[in-house]
Amino acid sequence: MNILAIESSCDDTGAAVVKDGRQVLSSVIASQVEEHILYGGVVPEIASRRHCESISHVVRKALSDAGLTLKEIDAVAVTFAPGLIGALLVGVNFAKGLAFASKKPLIPVHHLRGHIASNYISHPELKPPFLALVVSGGHTHLVNVRDYTDFEVIGRTRDDAAGEAMDKAARVMGLPYPGGLNMDRVCAGGDKKAFHFPVPRVQDNEFDFSFSGLKTSVINLVHNLEQKGESVDIKNIGASYMHTVVTCLCDRTERAITQFHPCSVVVAGGVSANSVLRDEMTGTCRKHGIPLYFPELKYCGDNAAMVGAQAYYEFLAGNTAGLDLNATASLDIDK
């Protein structure tokens, strides 16, 4: 089954053709990073306009790269939630028009389900059930993936997402957007024990996360150093900060491993590309003798291939939509 997938939840316009949920025949991304660097982050209005300008070309190229015509496509899939509402609407409306005109089924895909499914592309042997840690700029979730379309959230952030906490810290440290990615590059080899940051605790759910206080602590540290006229040790501050964020992520994941005894652990989302998280989570899972899966780096960020991978299983489960499909800015993964 060949699925044409579209992704436009944030600032990347993506289109891909995926066969049977596992084989990527093409994957095309029009990135807006260079433009948003000027503003230090994603500007939603600009992102929406660029999606409008790029989506037709991106979809056409995805079909061309796959060597297929629209007639040879079996279904059209699209990210419909969650994300920036204006950006989502561009992809959803384009996909609805394409599905209607070509008389193809329309498959709505939850963005976080797509991130988890990126591992199906990179690891053909991977099958549910498993425990998933989804970590991105807007989301931090621990999810019990019982089946391809059956999800149970067991932990989530109470405030900021881990990716946002890294991006904001990088910004105050003077690193360019995308902050988390540049912090990982610039601070590689730094002393992770040079600075102490508080490890946040959430009392009424041992699997939940909190990063707002941690983010505030690094902002205060940098501002205090600047006000005193002291040098800001970017490399060591960044290394210490990333270590603390990753410690929180690994701690909650390890608690879930101990309680739920999953067959394997999957990490997904943009922050899954972080080298510190990859190293520390590898050690955590090795300690418990449990298989660990990460997506290939090219599938960690937003892309349409992951949407096409999840769409295959949504279709098999009968989850299709009509022309009344709408974009939704916020929606739980288990809805």
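**Two sheets, their helices and a pocket**

Let me begin with a helix-helix contact, in which His-111, Arg-113, Gly-114, His-115, Ala-117, Ser-118, Tyr-120 and Ile-121 of H4 meet Ala-305, Met-306, Ala-309, Gln-310, Tyr-313 and Glu-314 of H10. Sorted by class, the residues of this contact between H4 and H10 are 7 nonpolar, 5 polar and 2 charged. I should say at once that what we are looking at is a predicted model.

As for the geometry, two packed helices are described by the angle between their axes together with the distance between those axes. Here helix H4, residues 111-122, and helix H10, residues 304-316, pack at an angle of about 95 degrees, and their axes are 7 Å apart. Because angles from 65 to 115 degrees are counted in that class, H4 is roughly perpendicular to H10.

Both of these helices also touch strands, and I would like to take those strands next. Helix H4 lies across strand E1 (2-7), E3, E4 and E5, and its direction is at about 95 degrees to E5. Helix H10, for its part, lies across E1, strand E2 (12-19), E3, E4 and E5, running at about 125 degrees to E1.

These strands belong to an open sheet of 5 strands, whose order is E3-E2-E1-E4-E5 and whose pairing is mixed. At the edges we find strand E3 (23-31) and strand E5 (106-110), each of which pairs on one side only. If direction is ignored, neighbouring strands of this sheet are turned against each other by 20 degrees on average.

Strands of a sheet pair through backbone hydrogen bonds, and they do this either parallel or antiparallel. How do strand E4 and E5 run, and how many bridges join them? Strand E4, residues 75-81, runs parallel to E5, and 5 bridges join the two. For one residue pair to locate on the screen, take Ala-77, whose bridge partner in E5 is Ile-107.

Just ahead of E5 there is a backbone detail that may interest those of you who look at torsions. Lys-103, in the loop between helix H3 (85-102) and E5, has a phi near 60 degrees, which is a positive value in a residue other than glycine.

Following the chain on from H4, we reach a peptide bond to note. Pro-128 and Pro-129 are joined by a cis peptide bond with omega of about 5 degrees, and Pro-129 is in the loop between H4 and strand E6 (130-135).

Strand E6 takes us to another open sheet, again of 5 strands, in the order E8-E7-E6-E9-E10 and with mixed pairing. Its edge strands, each pairing on one side only, are strand E8 (150-156) and strand E10 (292-293). Strand E7, residues 140-147, is antiparallel to E8 and is joined to it by 6 bridges. The two strands E7 and E8 form a hairpin, with 2 residues between them. Within this pairing, His-141 stands opposite Arg-156 in E8, while Asn-144 has Glu-152 of E8 as its bridge partner.

Now to another helix pair. The axes of helix H5 (residues 162-172) and helix H7 (residues 212-227) come within 9 Å and cross at roughly 5 degrees. Since angles under 35 degrees count as roughly parallel, H5 is roughly parallel to H7. On the H5 side the contact is made by Glu-164, Ala-165, Lys-168, Ala-169 and Val-172, and on the H7 side by Lys-215, Val-218, Ile-219, Val-222, His-223 and Glu-226. By class, the contact of H5 with H7 divides into 6 nonpolar residues, 1 polar and 4 charged.

After H5 there is again a cis peptide bond, this one joining Tyr-177 and Pro-178, with omega at about -5 degrees. Pro-178 is in the loop between H5 and helix H6 (179-186).

I will finish with a pocket, the second largest, which has a volume of about 200 Å³. Which residues lie nearest its centre? Of the 13 residues that line this pocket, those are Gly-189, Lys-192, Ser-275, Val-276 and Asp-279. The elements giving two or more residues to the lining are helix H8 (234-260) and helix H9 (275-288), and the largest share, 4 residues, comes from H9. In terms of class, the lining of the second largest pocket comprises 5 nonpolar, 4 polar and 4 charged residues.

Methods
Residues are numbered from 1 along each chain as its sequence is written. This is a predicted model: local features need pLDDT of at least 70, side-chain atom pairs count only at pLDDT 80 or more; totals for chains, interfaces and linings use all residues. Side-chain values use heavy atoms; hydrogens and water are left out. Axes are lines fitted to C-alpha atoms, for helices over the stretch in contact, and angles run from 0 to 180 degrees between N-to-C directions. Angles under 35 degrees count as roughly parallel, over 145 as roughly antiparallel, 65 to 115 as roughly perpendicular and the rest as oblique. Contact means heavy atoms within 4.5 Å. Ala, Val, Leu, Ile, Met, Phe, Trp, Tyr, Cys and Pro count as nonpolar, Asp, Glu, Lys and Arg as charged, and the others, Gly among them, as polar. On a 1 Å grid over the protein atoms alone, a cavity is a set of points where a 1.4 Å probe fits but cannot get out, and a pocket is an open set with protein on both sides within 12 Å along at least five of seven lines; lining residues have an atom within 4 Å of a point. Grid points are joined across faces, edges and corners, and a volume is the space filled by probe spheres set on the points. Two strands pair if DSSP finds at least two bridges between them.
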